[in-house]
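Okay, thanks for making time, everyone. I'd like to talk through some charged contacts and then a pocket. Let me put the structure up.

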Amino acid sequence: MNKKSVLYIRHAKSSWDHFGISDLERPLNERGNKTAPRMAELIHLRYPDSHPMILSSPAMRAIQTAKYFAIEFKQSVDNIRVHEGLYSGDESNYLECLTELSDDIELVFVFGHNPTIESLVAKFVNAYHGLVPTCSIFHCINLQNSWNYLSYHDLSIQDYYFPKLSLTKI
């Protein structure tokens, strides 16, 4: 990977079976716990020598998804950085969390939610206008190759992976 890259990842499928818990506490369901590690494996096959910075929404389902990726990439789950704006914010928060990063970081995984991810990728230089299923991944390159002062038009979608399409290939 020559340019700085960010993978925007929608959390895996979550459960609605736990009555009385807050939205922040909703865990992954059985399908989410199967899909997340397989998508992590798929990404690890594509980027085997990478050491990503992992940022996540504070929602349990996003953190659980991020943990599968951390484990696959042999990262400590304790190093997952939680950003409130990835849960309660808008597209600008998904961009701003990157501007805080040091330029020595080459690859970042950002775990978040819809509809924000759909709105976000619709703003990129080569916009994607479509549905973003759970555990979908958008690999974007940073065209300015710096995290400072990043704008929507500095990110270009290189590839995207949807579980139903991608998992049949591994």
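So, to start: which residue does glutamate 30 form a salt bridge with? The partner is lysine 34, and the closest N and O atoms are 3.3 Å apart. Just so we're all on the same page, this is a predicted model, so please hear every distance as a computed one.

Now, where do those two sit? Both are in helix H1, four residues apart, so about one helical turn separates them. As for glutamate 30, that residue counts as exposed, at 60% relative accessibility.

Okay, next one. The structure holds four salt bridges, and I'll walk you through two others besides that helix pair. Here the thing to look at is a network: Asp23, Arg26 and Arg61 are joined into one by salt bridges that share partners.

Let's take the network piece by piece. Aspartate 23 and arginine 26 meet through their side chains in a salt bridge, at 3.0 Å from N to O. Is aspartate 23 buried or exposed? Well, neither label fits, because its relative accessible area is 31%, which makes aspartate 23 partly exposed. Arginine 26, on the other hand, is buried, with a relative accessible area of 9%.

Then there's the other arm. Arginine 61 and aspartate 23 also meet in a side-chain salt bridge, this time at 3.1 Å, N to O. Arginine 61 is in helix H2, residues 60-72, while aspartate 23 is in the loop between strand S1 (5-10) and helix H1 (30-46), so this pair ties together parts that are 38 residues apart in sequence. And arginine 61 is buried too, with a relative accessible area of 4%.

Right, on to the pocket. The largest one has a volume of about 180 Å³. Eleven residues line that pocket, and the closest to its centre are Arg31, Pro133, Thr134, Pro163 and Lys164.

Which helices supply at least two residues each to that lining? Those are H1, which we've already met, and helix H6, residues 163-166. If you sort the lining of the largest pocket by class, you get six nonpolar, two polar and three charged residues.

So, to wrap up: a network joining Asp23, Arg26 and Arg61, a salt bridge between glutamate 30 and lysine 34, and a largest pocket of about 180 Å³. Happy to rotate the view if anyone wants another look.

Technical notes: Residues are numbered from 1 along each chain as its sequence is written. This is a predicted model: local features need pLDDT of at least 70, side-chain atom pairs count only at pLDDT 80 or more; totals for chains, interfaces and linings use all residues. Side-chain values use heavy atoms; hydrogens and water are left out. Buried means under 20% relative accessible area, exposed over 50%, partly exposed in between (1.4 Å probe, protein chains only). On a 1 Å grid over the protein atoms alone, a cavity is a set of points where a 1.4 Å probe fits but cannot get out, and a pocket is an open set with protein on both sides within 12 Å along at least five of seven lines; lining residues have an atom within 4 Å of a point. Grid points are joined across faces, edges and corners, and a volume is the space filled by probe spheres set on the points. Ala, Val, Leu, Ile, Met, Phe, Trp, Tyr, Cys and Pro count as nonpolar, Asp, Glu, Lys and Arg as charged, and the others, Gly among them, as polar.
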